[in-house]
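Visitor: I should like to go through this structure step by step, beginning with how far each part may be trusted. Would you guide me through it?

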Amino acid sequence: MARKSKHSRPDEAFEPYEEHAGVPMPVNWVAIALTIWGTAMLYDTGESVQESLQDRAEDSDVVAQSVPDEGTLLFGANCATCHQPDGRGLRDAVPPLAGSEIVAAGPDIVSRILLRGIDGPLTVVGQDFDGHMPSFDSALNDAEIAELASYVTTRWADTTEATAQTSEEVASLRAEIGDRGSFGGGAELAMMISSLPDQPPMPARSHVQAGDQAARDLVFAGRDQVWSCASCHGDLGQGDESTPRLAGLPGAYIVKQLQNFREGTRENESMQLVVQGLSDPEMTALGAYYTDLRVPSTARPVLSGDLKRGEQLALQGDWSIGVPACFTCHGPSGFGVAPNFPGLSAQHAPYLAAQLANWVGGQRHNDALGLMAQISEALSTQDRRAVADYLASLPPVPAGGASMARMETQDDQ
Amino acid sequence: MNRYLPLSILALAILAFATLMLVIAPGMQINSRPAPEGLTPYSEAEQRGRETYVSLGCLYCHSQQPRSGDQAPDGERGWGRASVAADYTYDQPHQLGTMRTGPDLLNVGARLPSEGWHLTHLYQPRAIFDWSIMPAYPYLFDEKPQAGPGDVVVALPAEYAPQDGVVVATQQALDLTAYLQSLDRTYEVPADGLRDHGYGTPDGPEPTPSEEER
Amino acid sequence: MTNEPDDRPNVGTKDATSGGLARKAIFAAGGGLALVALATAAVQLEIVPRWLIGAGSEIDESAAAIEPSDLFTPPLPDMIPDGPFGEAVRRGEAIFTNTATNASDHVGNGLSCSNCHLDAGRHPKSAPMWAAWVTYPKYRSKNDQINTMEDRVRGCFTYSMNAQYSPTGKPPPVGDDIYRDLQSYFFWMATNAPTNVALEGIGFGKVEKPEMGYDLARGADVYQAKCSVCHGDDGQGQRDLNGDYTFPPLWGSDSFNWGAGMGRINTAAAFIKNNMPLSQPGSLTDQEAWDVAAFVDSHERPKDPRQSGTIEENRLANHDGDETLYGQVVNGAVLGQGTGPSAARAATMPKTQGN
């Protein structure tokens, strides 16, 4: 009543009064609305969680069904880019596995080749090849090598003998091989496999001097304002984390990068300081030094990237975002195509991802035609992690003519 | 309001329970873990360097706890994998830090393994990064007309080098550098590294479904 | 609002009235807020008809936006079925991407089908095979007859793959399994495509000849700036460390011969404009595309296998009216004489295969 009188007769003696201060209606409305909204959201989220759980379960079912065995996967990821999914190799370039006399020799030989790689001429199924098989010593573990060797022999060796290989056998092979380096070609294999047809003779392996003395001084001792290269890039140019692996990169590519640091088209403060103290001949000598080094991979996938996606980007690309396969330009298995396309395999994942970010961020603009800038732009952060991790998981560039450099350098340490 | 005793007891009980659950239990859990294989105790020089690190207050600008990819792009920054409790086995007290005015340093030894680089950078950060806001630590170095035997000369660009003579590192600078170089937790995450990844993806490749099924 | 005349101090009145107003305002605002919250919840849950929140116009927009992606999408490689047909599709794909190995008897150069038919024949405007499949059989003036897909592919082997320098010296014979496998692959890629329709993305697209025509000197500049980093200064492509071509040769004895479609400047210009540099389609102007296409096609390559008499006779018979430099004098030499096979290739050719 008091309220009514107040409204109807505001002019009469108005007494301040206190009435029961209930929660204002709007607050109630908001509370009710929020409750409804919250419940609805919970219901909605719960539903989508259910859905995604179900999706995931279905996905894993699909994966489980469509993955017959680990050997197929390993072969696809590690061998098929060169030997092809059907194992027929590449004419004049990569020996076939199908019908190969070497594969027919059994899983033990295949494991040895996987562990050591081949570096020299060989004849397979009547064709001559210049062998450049990488060593998977650092890229695959015992179980994986065993699985692969079993898979390859079971699939292609026309043999009735046992083709299974256990990881214990591989482990003992690994220990036996130690640091023997790559097979020198078919002739060396023929010493172990009596049934091999005639093999081309091994070329006399020249003892490669790893770089001239001036380059070695720079690498190991540095000078004035130049810290020694090895102090960051490692004794063998193997790099770490965001410091790149230099071993095996094309010499001309290394020289170009050093010049780009000087010109400012590639930005990195430490390197920009270093190149101030380097002359052109020294850069060339350093390029020649590192290109000759062959060292096992120390790179590992550490960015939690999706390796499957990384493999897809590297092997097939993703045309829906305008990205061609990495290997279209960087060579099969990312071994590089000198001089403009550096090897990517066994490069450190944080370094690779950082470079992709640098193309976008403008710290690097030294790429031909802006190819890498455009590709990096198209890749999401997850894609960059994925492809960097995948590339880090690959074996390093196979031994070339200079495979002895590694041992020599180690002797000097 | 005069039942102080039960109130106090209740309050203390709650406090004790919280301490038990948040401090004592985790402490016991962590203490029972062996040190990771890849982690070595600090050498004497590194330990002295660590004391310098603490005394200079590096902690106020540098954290020592890289985060996982779903929290921060530390991996791409090159700061390394997300750290786990076992990584700090020999850090007493730990130098986790909260501020990231400068980069995280838990893996600086892997990222920047060069002694020469660190000496230059400690003497004058601007010699390398002209935009750096890190203080210089010239008092960790001596200027000498000539390097004596065993002196470690600091590589400096002309504009920061003394007119004549050389800059050599004191033992304190060498120790600090040794400590920084020793900061390397890039080994594999120890099994059961005691890290709760919540809803994020754990570091390292996800186990494939086929592995889980086995 | 009260506006009765009043002589009393109207302070109280004003207070009371404005208090009521404020209350009303709070009620209105609160109610509004509640309504917004409710509406948001409703929209979140999608229990509101789309027309009510103006989503209808959105749909129209997205329908318009679909147009560029109206492109036919071939099935993905992991959708290849199991069984004998799937096997054939897989073999076909292997031949397509690794032609020199899987059809080695009939390939006389360093190319693969997928060098020009990008993304294993899936990429629009690089003559995707799903688009080609649904337009055959058809009449082609090139050989003045009705061509089946097999006939067409035989043409590819004859000209683009330069079968004359291959170990057999010939394209695969009629009815060869290579044709079956390749056609299985094309047919599978065209799953769900309409037949006898020029699908969007067919062929290499068309680039009209620019007003300024084409010029070899300008083309050489474009080549140096845009192409040489991959295809090499000498156009011979680049090989990886195994000796396999990573970047295909554009002219010379390991490239396509004078009878190939890519030897025509208009075809090459369209391919280049729409696909090159790889990952940067459309980055060249029409003029640049024509200039550089003419530059590439102004170099000697294996001879036209159709040539039986002189170059001039063959030019009149097979190249007349085409946009080609065949039979014309460039840098003092008549184009079309043909490069011989490389020594390695000659060793495997039938003539010298005496053993």
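Visitor: In chain A, in which helix is confidence lowest and in which is it highest?
Guide: This is a predicted model, and the predictor attaches a confidence, pLDDT, to each residue. In chain A, the low extreme is helix H20 (residues 404-412), with a mean of 40. At the high extreme, with 89, stands helix H19 (residues 381-392) of chain A. The lowest is thus H20 and the highest H19.

Visitor: Over which residues of chain A does the pLDDT stay under 50, and where else is it below 50?
Guide: As a whole, chain A averages a pLDDT of 79, and 84% of the residues score at least 70. Residues 1-6 of chain A stay under 50 and have 3 contacts beyond four places in sequence. A further stretch below 50, with 26 contacts beyond near neighbours in sequence, is residues 401-413 of chain A.

Visitor: Which element of chain C has the lowest mean pLDDT, and which the highest?
Guide: Chain C has a mean pLDDT of 80, with 86% of its residues at 70 or more. Over residues 55-68 of chain C the pLDDT is below 50, and this stretch has 3 contacts beyond near neighbours in sequence. Helix H2 (residues 55-66) of chain C has the lowest mean, 38, while the highest, 91, belongs to H8(C).

Visitor: How many helices and strands does chain A have, and what is the bridge partner of Asp119(A)?
Guide: The secondary structure of chain A comprises 20 helices and 2 strands. Strand S1 (residues 118-124) of chain A pairs with strand S2 (residues 127-133) of chain A in the antiparallel sense, over 7 bridges. The two form a hairpin with 2 residues between them, and Val125(A) in the turn has a positive phi of about 45°. Within this pairing, the partner of Asp119(A) in S2(A) is His132(A).

Visitor: Which residues have the most contacts inside the largest nonpolar core?
Guide: That core has 71 residues, and among the elements giving two or more residues to it are helix H10 (265-275) and helix H11 (286-296) of chain C. Leaving aside neighbours within four places in sequence, Ile272(C) is in contact with Leu284(C), Ala289(C), Val292(C) and Ala293(C). Apart from this core lies another, of 66 residues, among them Val323(A) and Leu391(A). In the largest core, the residues with the most contacts are Ala269(C), Ile272(C), Val292(C) and Ala293(C).

Visitor: Which element gives the largest share of the side of chain C that touches chain A?
Guide: The contact involves 40 residues of chain C and 46 residues of chain A. On the chain C side, the elements giving two or more residues are helix H1 (11-44), helix H4 (99-102) and helix H9 (216-231). The largest share, 15 residues, comes from H1(C).

Visitor: By class, what residues does that side of chain C have, and what ipTM does the predictor give the complex?
Guide: The side of chain C that touches chain A has 17 nonpolar, 17 polar and 6 charged residues. For the complex, the predictor gives a pTM of 0.74 and an ipTM of 0.73.

Visitor: What distance separates the centres of domain 1 and domain 2 of chain C?
Guide: Chain C is divided into domain 1 (24-54), domain 2 (77-189) and domain 3 (216-350). Taken over C-alpha atoms, the centres of domain 1 and domain 2 of chain C are separated by 60 Å.

Conventions:
Residues numbered from 1 in each chain as written. Chains lettered and ligands numbered in written order. Predicted model: local features only at pLDDT ≥ 70, side-chain atom pairs only at ≥ 80, totals over all residues. Contact = placed C-beta atoms within 7 Å. Helix = DSSP H or I, 4+ residues; strand = E, 2+ residues; numbered from the N terminus. Nonpolar A, V, L, I, M, F, W, Y, C, P; charged D, E, K, R; others polar. Pairing = 2+ DSSP bridges. Domains from an automatic or database assignment. pLDDT = per-residue confidence, 0-100. Core = buried A, V, L, I, M, F, W, Y, C linked by C-beta atoms within 7 Å. Buried ≥ 20, exposed ≤ 12 C-beta atoms within 10 Å, placed from the backbone.
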